[in-house]
Structures are given as structure tokens and as C-alpha cells.
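This report describes the fold, the core and a few backbone details of one protein chain. Terms are explained where they first appear.

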Amino acid sequence: MKLIEYPDREMLAIDLADKLASELRAALESHDRVTLAVPGGTSPGPVFDALCGVRLDWGRVDVMLTDERWVPEDHERSNTRLLRERLLTGHASEARLVPLYAKSRAPEEVLAEIEHDIVPRLPLNIVLLGMGADMHTASIFPGADLLEEALAPDAPVLLPMRAPGAPEPRITITAHVLNGALAKHLLIFGTEKREALERARHLSPSEAPIAAVLDGMTVHWAE
């Protein structure tokens, strides 16, 4: 794990967007198409704002979420909505969105359909992750119903996930698929998450799911 500290969040967003763009360009030199997986939530918004203005061959980039809340795209809690508003705009509007949601009552009903579209795009070229103060990443939560399955080396690509405190079901890419990305970045802000990350390094993945993907990770942190 490599930790990069930034003087402020604006500098982090600009520098991280530049690193992601450089990695995308390098990947495009040797692949017909490349896949970028990113988190939802509010933290990556400024990174998306910077990245979407970068000129590269976005038409050959597949963008997908690392996890999604099981709500319609027009719902205020939809990560897909955030992605369309903050990343898939400007130059990046030419990128292809690989959906992690399909209209159904529960994720289990369409899991195979969604996974079928993802498998040909593996391994992920670049993954950007977030982390909660509880040390979850993607929707791999401590105490979640399928936590051990999501951490298993033979896990499927996707799993539905239900966790204490989460108001809706989730769908998540599993740990070994995230770990298989050719480049891995983690974005965290604030002292609380910095301290949580340090604790996670000494805990098991069952206690701190982020620990399952820290090997080879570049961590970007600002207060």
C-alpha cells in the first residue's frame, strides 16, 4: 500500500484525475477497450468533475460502478445518477456505461443478466474505491448478510448485499474482482477515515473489508 497525502481536497481531486487519465491512456495503447470502475457517494464528485474534462479516447472506455444501491436511476440515492451528472459528461460523455442496476424488485432477479455484461470486461483496468468509517468498501460491509461470500477467493463477480443500517439492498463487485484490477486507487478524506484505514491494516477482512484489497493499493488522502 502506498499513501499519498495532499495539502487539500482540491489538489487531491486534480492530481488523482490526472493519474486516472494517464492510466487510461496507457491502457488504451495496448487494449481495444478499457474498463474503469468507480465508487458512488459524494467524495469522488470533484475527481469526476476534473476527469470528465480530460481529452482522451473516451469512446473506447467502459465505465461502471463498484456498487449500487437498489433504487431507480432517478432516485436521489442512485449512484448511477451521480455518475451521469458528474463523470459521463463533457468529453467523457462518449464513454459507455456498464449498468449495475436493472429494473426489478430485487437484485437477485437480474443478477445473472448484469454479470453477463461485466464478465467480458474483466480484469478491470483501473478501479477507484472509497471507504466508510466502518471500513467497508464498495458495498462489502462488516456484518452484511453475504460478507464472507463477498470476500471468498472463488466468489462470483457480483453479489446482492444487505447490511445493518443500509436502507435498501445493494449490489456489489466482490473483493477478488476488485483486487484483480490492474491499477487500484482508494480515495479518503478526513482524520476519522485515515485512522480507520490504519486500524484496518491490522484487522481481518471480516472485521475490516477494505483490508481485503489494500495490497498494491495507492491511497489518496486529504483532510
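The chain has seven helices and ten strands; these are DSSP runs numbered from the N terminus, with helices being H or I of at least four residues and strands E of at least two. The model is predicted, with local features needing pLDDT of at least 70 and side-chain atom pairs pLDDT 80 or more, while totals for chains, interfaces and linings use all residues. Residues are numbered from 1 along each chain as its sequence is written, and side-chain values use heavy atoms, leaving out hydrogens and water.

**Overall form**

The radius of gyration is 16 Å, which agrees with the value near 17 Å for a compact globule of 223 residues; the radius is taken over C-alpha atoms, and the globule rule is 2.2 Å times the number of residues to the power 0.38. Along the principal axes, the C-alpha atoms fill a box of roughly 40 × 40 × 35 Å. Of the 223 residues, 54% count as buried (buried is under 20% relative accessible area, exposed over 50%, partly exposed in between; 1.4 Å probe, protein chains only). Among contacts between residues at least 6 apart in sequence, 74% join residues at least 24 apart, a contact being heavy atoms within 4.5 Å.

**Core**

The largest nonpolar core has 82 residues, and those with the most contacts inside it include Val 38, Leu 51 and Leu 186. Such a core is a set of buried Ala, Val, Leu, Ile, Met, Phe, Trp, Tyr and Cys residues joined through side-chain atoms within 4.5 Å. Helix α1 (residues 9-30) gives the largest share of this core, nine residues. Not counting residues up to four places away in sequence, Leu 186 touches ten residues named here in part, among them Leu 129, Met 131, Leu 197, Ile 210 and His 220.

**Thr 191**

Thr 191 lies in helix α7 (residues 190-200) and is partly exposed, with a relative accessible area of 36%. Beyond four places in sequence, Thr 191 touches Trp 221 and Glu 223.

**Backbone details**

Most residues other than glycine have a negative phi, and most peptide bonds are trans. A cis bond, with omega about 0 degrees, joins Leu 122 and Pro 123; Pro 123 sits in the loop between α4 (111-118) and β6 (126-130). Two residues in the loop between β6 and α5 (147-151) have positive phi.

| Residue | Phi | Relative accessible area |
|---|---|---|
| Met 135 | near 75 degrees | 9%, buried |
| Ala 138 | about 50 degrees | 8%, buried |
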